[in-house]
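Hi,

Here is the structure I promised to pass on. Have a look at it first, and then read my notes below.

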Amino acid sequence: MPRLKKFLISIFLFASVFGKAQNENSKKHIHFTSEISDDASSAVLEKVLSAIENPISKISFEQGTYHFYPDKAYEIYSNISNHDDVVIYTAFPLQKFKNLTIDGQGSTFIFHGRMIPFLIENSENITVTNVTIDWQVPFHSEGVIVANDSVKATFDWKFSDEYPYEIRNRQLIFIKPYYEHTVGQTILFDPERKAIMFNTEAYTNLTTVTKSAIQHNVNQIDYKYKTDPRSKLHKSWGIENKIWAEQIEPGVVRIHGHKKMMPPVGMILTSKGHQSLNRMAPSFRITYTNGFIAKNVNVHHAGGMGIIVENSSDVLLDNFNVTASNDRMVSTTADATHFIGCRGKVTLRNCTLNNMLDDGLNLHGVYQEIVDIKDEYTIGVRMGHSQQEGFTIGRSNDTLGFLRLSDSFFPYDKLTVNNIQKINGRYQIIKLNEKLPSTVMVGDLIENLDAYPELLVENCNIGNNRARGLLISNPKKTVIQNNTFSTEMEPILIPVESGHWFEAGNAANVLIKNNVFQDGQHSGFNRGVIRFVTDDDNENIAFKNIAIIDNTFNHFDNLVLEIANTDGLLFEGNTITNSGTFPMLYPKNPAIKVKTSRNIEFKKNIYKGRANQIIESDGYMPKLKFK
């Protein structure tokens with residue numbers, strides 16, 4: 001190559017690199033001081049919005065406590081999966097940002113009202129670090145049971161000044177500065193353990209509603225298209241309030257008409273309102289973002305999930321902790337972490353996820369129902385659950401699986417997306433690159449086979465919460481290792497769920513290794529500590545290639561493992577003991593139940609429990625033995 005040509009190329013490359021470096025260095029570092037701490041929303045929002053034209057690489061805060069109010073925050077209507085679709089407010093609308101770090105430097109951010117602390121959309125390589133998130137007034141309410149009367153079916157519920165209320169038409173309403181909620185969903189906490197009370201299912205949820213006494217011609221209302229009985233409109237049809245309230249003295253309310261067992265004196269009864277109205281303010285909402293890190297982040301509360309991630313890739317939560325503050329029993333009012341339609345790799349490492357009112361982690365895809373076959377390349381699809389309205393199942397060239405679950409949990413065909421047209425929150429039109437198979441039918445389901453990530457959960461502590469530890473529907477490689485679980489439902493639930501939430505993804509290639517399971521399922525349900533289950537009543541295989549190795553099950557009851565619809569599961573090197581922590585609820589259960597499965601193997605396990613029968617299996621594997 002001639003010397004001049006080489007020289008010109010070198011100059012060009014140097015100029016390109018130097019120009020890029022200059023461009024990166026020219027990005028601003030914005031630093032906030034405690035001068036804005038009384039209400040940081042306006043000052044932070046101004047800088048975030050200005051960064052659309054003048055990119056920034058870092059936002060930092062002088063260590064302190066900063067309050068954020070909605071009055072001067074950014075307003076946006078948002079469809080948030082597994083939440084209620086509402087108008088929300090934020091000071092951090094990070095839309096189309098790249099390579100940005102937000103460093104709280106040990107600060108605490110206190111939010112007020114219906115806000116999302118971090119709204120991150122269509123962005124790349126975003127990091128949030130060294131910050132604690134809390135709410136001045138929580139979205140839930142809680143009080144101590146000070147008296148009960150099982151004969152009169154009443155109990156007295158005492159509240160601190162943190163939980164103002166009023167009684168309206170004999171109904172207890174909790175009043176917040178920017179929000180109010182009814183009694184709605186409830187659960188008991190044990191204040192000594194700071195965890196869900198043992199056998200809480202015998203006492204809660206409170207029986208707040210009953211069938212309406214009078215209806216006229218309601219059953220004559222007809223719809224041309226399918227409706228959702230869980231929608232905000234339809235779920236209230238045919239029901240009326242059952243319990244009623246009176247004030248005994250200021251701060252003490254007597255509840256009448258509860259039909260389960262009366263809550264025990266000394267327990268903390270928590271309330272978060274009506275099911276379709278109580279998820280509106282997650283701490284992090286992340287969608288269509290590639291590369292997100294939360295490191296050294298504490299979430300003490302949220303009116304929804306700690307973090308909800310949709311249609312994004314490569315997420316790392318390192319020392320991301322969800323824990324309650326201010327002597328409250330409750331941290332987040334829904335899941336600590338939730339991932340929908342993600343790809344790449346999702347990692348939770350060194351996290352503590354405690355006292356939330358739903359799962360520690362839920363990771364899954366989405367089933368959508370085919371309601372129209374418009375032509376040989378085009379289908380119309382419907383979102384099944386009201387709290388997933390607006391979710392888009394994929395992008396151009398993604399591979400969709402077509403399923404009929406009565407025949408198989410695996411696709412009968414695979415086609416790729418040309419484009420997706422969103423008509424409304426429920427209904428979308430998908431044009432495909434290939435012709436539809438002749439076998440496709442209205443009522444079949446689709447899932448995005450590309451929208452699943454590898455998952456790693458390690459060195460985490462998950463417990464003291466309502467519901468599960470991990471709820472995983474993921475066919476990609478999944479590793480769960482070196483964790484401690486103590487949850488009131490299943491520490492690990494691996495389902496196929498196609499009839500309520502429409503959460504797609506039958507698990508495969510799962511390694512569960514070197515974990516400690518302490519007294520899972522202590523809420524009162526007759527279920528295993530680890531469960532593989534489908535909600536479709538058939539014998540089709542759903543789960544493959546599962547390994548459960550070198551774990552410790554220290555369980556108060558008998559049933560440790562439930563296996564269904566599984567092909568290939570190794571249970572090796574595990575130790576099962578009886579903790580004696582609580583009285584046994586189901587002493588007649590075996591330790592392990594196996595049905596509609598094959599290629600199940602037990603090796604080198606130690607059993608020190610109390611079950612009279614270790615394994616109960618059906619006709620698929622009648623001679624299965626525990627070793």
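**Strands, pockets and a few odd spots**

Strand 10 and strand 11 (residues 154–158) run antiparallel and are joined by 5 bridges. Within that pairing, N148 has F155 of strand 11 as its bridge partner. The two strands make a hairpin with 4 residues between them, and A153 in the turn has a positive phi of about 55°.

Before I go further, please keep in mind that this is a predicted model. The chain has a mean pLDDT of 94, with 96% of its residues at 70 or more. The stretch to be careful with is residues 7–25, where the pLDDT is below 50. Beyond near neighbours in sequence, that stretch has 1 contact in the model. Where pLDDT is low, the predicted coordinates should not be read in detail.

**The open sheet**

Where does that hairpin sit? Strands 10 and 11 belong to an open sheet of 7 strands, in the order 16-15-21-10-11-20-19, with antiparallel pairing. Strand 16 and strand 19 are the edge strands, each pairing on one side only.

If you follow the order, strand 10 (residues 141–149) also pairs with strand 21, again antiparallel, through 4 bridges. There, S141 stands opposite S271 of strand 21. Strand 21 in turn pairs with strand 15 in the antiparallel sense, over 4 bridges. In that pair, F189 has I268 of strand 21 as its bridge partner. When you click through these strands, remember that in a regular strand the side chains alternate between the two faces of the sheet.

**The barrel and another hairpin**

Which strands close into a barrel? There are 6 of them, in the order 30-31-34-33-32-35, and the pairing is antiparallel. On average, neighbouring strands of this sheet are turned by 45° against each other, direction ignored. One pair you can pick out is strand 33 (residues 413–422) with strand 34 (residues 427–432), antiparallel and joined by 5 bridges. Q421 has I429 of strand 34 as its bridge partner.

A separate hairpin is made by strand 12 and strand 13, with 2 residues between the strands. Strand 12 (residues 165–168) runs antiparallel to strand 13, and 4 bridges join them. R168 stands opposite Q171 of strand 13, and N169 in this hairpin takes a positive phi near 55°.

**Pockets and cavities**

Now for the empty space. The largest pocket has a volume of about 900 Å³. Its lining takes in 42 residues, and Q275, D358, R466, R468 and W501 lie nearest its centre. By class, the lining has 10 nonpolar, 17 polar and 15 charged residues. Two strands of the open sheet turn up here again: strand 15 (186–190) and strand 21 (268–271) each supply at least two lining residues, as do strand 41 (492–496) and strand 45 (530–534).

The second largest pocket holds about 720 Å³ of space. Which residues lie nearest its centre? They are T182, G184, T208, G273 and H274, out of a lining of 32 residues. The elements that give two or more residues to this lining are strand 13 (171–176), strand 14 (179–181), strand 18 (239–241) and strand 19 (244–249). Here the lining divides into 14 nonpolar, 13 polar and 5 charged residues.

There are also 3 cavities of 30 Å³ or more. The largest cavity has about 60 Å³ of space. Its lining is made up of G520, Q521, F525, N526, R527, H555, F556, D557, L559, Y586 and N589. That comes to 4 nonpolar, 5 polar and 2 charged residues.

**Backbone oddities**

Two more spots are worth a look. Most residues other than glycine have a negative phi, and most peptide bonds are trans. K96 is not a glycine, yet it has a positive phi of about 65°. You'll find K96 in the loop between strand 6 (93–95) and strand 7 (98–111). The other spot is the peptide bond from T204 to N205, which is cis, with omega near -5°. N205 is in the loop between strand 16 (195–196) and strand 17 (209–211).

That's what I have for now. Shout if anything is unclear.

Cheers

How values were computed. Residues numbered from 1 in each chain as written. Predicted model: local features only at pLDDT ≥ 70, side-chain atom pairs only at ≥ 80, totals over all residues. Heavy atoms only, no water. 1 Å grid on protein atoms, 1.4 Å probe; cavity = no way out; pocket = protein on both sides within 12 Å on 5 of 7 lines; lining within 4 Å. Points joined across faces, edges and corners; volume = space filled by probe spheres on them. Nonpolar A, V, L, I, M, F, W, Y, C, P; charged D, E, K, R; others polar. Pairing = 2+ DSSP bridges. Axes fitted to C-alpha atoms, helices over the stretch in contact; angles between N-to-C directions. pLDDT = per-residue confidence, 0-100. Contact = heavy atoms within 4.5 Å.
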